[in-house]
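Visitor: I have the sequence and the coordinates open. Could you go through the assignments with me and say what each one rests on?

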Amino acid sequence: MQLLDGKAISSQIKSEIKIEVENWIAAGGKKPHLAAILVGQDGASETYVASKIRSCEEIGFTSTLVKFEADITEEKLLEAVASLNNDADVDGFIVQLPLPKHISENTVMEAVDPKKDVDGFHPINVGRMCKGLPAYISATPFGILEMLIRAGIETSGKHCVVIGRSQIVGLPMSILMQRNEYPGNCTVTITHSKTKNLKEVCQTADILIVALGRPEFVTADYIKEGAVVIDVGISRVADATKKSGFAIKGDVNFADVAPKSSFITPVPGGVGLMTICGLLTNTLKAARKEIYK
Ligand SMILES: NC(=O)C1=CN([C@@H]2O[C@H](COP(=O)(O)OP(=O)(O)OC[C@H]3O[C@@H](n4cnc5c(N)ncnc54)[C@H](OP(=O)(O)O)[C@@H]3O)[C@@H](O)[C@H]2O)C=CC1
Ligand SMILES: Nc1nc(=O)c2c([nH]1)NC[C@@H]1CN(c3ccc(C(=O)N[C@@H](CCC(=O)O)C(=O)O)cc3)C=[N+]21
């Protein structure tokens, strides 16, 4: 078993981005500026925001957090989106998901200017990604691809099973893993809550990507000997021994699964840190106008 160490890989990527930023600024470019809108309280989102702000400071980006109470109207939220769209200093921004039930996530995602959509959630970016055109690739799938590349994991001809079909992780991940390029060329199976015999399907995976949002759901009996296991899950679970009162758990029971895997990501210290790198990379691309002029 080899650990896919998100901490080591992400700190390498961040130091590379930091140099890029310094060169960009030395050449007269402006400091990249990433903003986030956070509505209400969600454990995974708060974890993400805290981690993102720290990273922006480390690599020399400006970061802004815009916070609203959970009872904000959709109209007011759309106004906030429009104001970031029109703010010339902001290169890219994200609206943290999930949003409260009374707000349509699709309406909000479509309101974000595709040029500033560093989450890659706007239909234009999703469509361009599907067609293999230059696009912002959502940060988590992007981070996972980067991890596979940096660990030199072979993907061609492998069976990749993805648990979860969400717009933010499962779906884009599945599309990327089947593309005719490295990392990709997998035979992909997308699974979800209506999938029958999930365990048996997972047992045929050479690469298993787990994003369902249930702490420690995947156990050793789901795993083929030697599989690559990518754990995307982030859940806060009550833990009285921690100062914060909670521990962060993935969707994979690490202790159980690790001995059977060839490569495995830990949580924390795995995919989450790579997501941040994906977001920072997209923001640098936005500042340098690499995808859209
Ligand atoms: N590390 C990181 O950077 C990130 C972590 N996350 C974390 O990843 C997890 C998943 O997030 P997200 O994709 O947004 O979650 P969603 O809740 O949007 O999607 C979950 C998916 O899992 C499927 N699912 C739920 N229960 C089961 C089950 N018992 N068996 C099979 N499939 C099931 C759902 O099926 P159906 O479609 O039928 O409902 C759905 O497709 C969460 O813990 C989240 O916090 C998310 C983003 C980034
Ligand atoms: N519009 C939008 N885009 C997202 O990409 C998005 C979102 N909304 N909503 C919430 C989920 C969750 N998510 C995380 C990303 C990184 C960490 C992360 O950095 N985790 C670290 C730190 C954990 C810790 O603080 O201990 C780790 O796993 O090691 C966590 C969670 C992005 N998401």
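Visitor: What makes a residue count as part of the surroundings of ligand 1, and which come nearest?

Guide: This is a predicted model. A residue counts if its C-beta atom, placed from the backbone, lies within 6 Å of the molecule. Around ligand 1 there are 26 such residues, and Gly164, Ser166, Ser193, Gly213 and Thr275 come nearest. Helix H10, residues 271–287, gives the most to this shell, with three residues.

Visitor: How do you know how many residues of the ligand 1 shell are polar?

Guide: Gly is counted among the polar residues. On that basis the shell around ligand 1 has 13 polar, 10 nonpolar and three charged residues.

Visitor: Which residues are closest to ligand 2, and what gives the most to its shell?

Guide: Ligand 2 is surrounded by 22 residues, the closest being Tyr48, Ser51, Leu97, Pro268 and Gly272. Two or more residues come from each of helix H2 (43–59), strand S4 (92–95), helix H6 (139–150) and H10. H2 gives the most, with five residues. By class, the ligand 2 shell has 13 nonpolar, eight polar and one charged residues.

Visitor: From which domains does the shell around ligand 2 draw at least three residues?

Guide: Domain 1 (29–113) and domain 2 (139–273) each supply at least three residues to that shell.

Visitor: Why is the stretch 4–119 called a catalytic domain?

Guide: The name comes from an unreviewed UniProt entry, which annotates residues 4–119 as "domain: Tetrahydrofolate dehydrogenase/cyclohydrolase catalytic". Such annotations may be inferred rather than shown by experiment, so the label is the record's. Over residues 4–119 the chain is 49% helix and 16% strand, with the end C-alpha atoms 23 Å apart.

Notes. Residues are numbered from 1 along each chain as its sequence is written. Chains are lettered from A and ligands numbered from 1 in the order in which they are written. This is a predicted model: local features need pLDDT of at least 70, side-chain atom pairs count only at pLDDT 80 or more; totals for chains, interfaces and linings use all residues. Helices (H or I, at least four residues) and strands (E, at least two) are DSSP runs, numbered from the N terminus. Domain bounds come from an automatic or database domain assignment.
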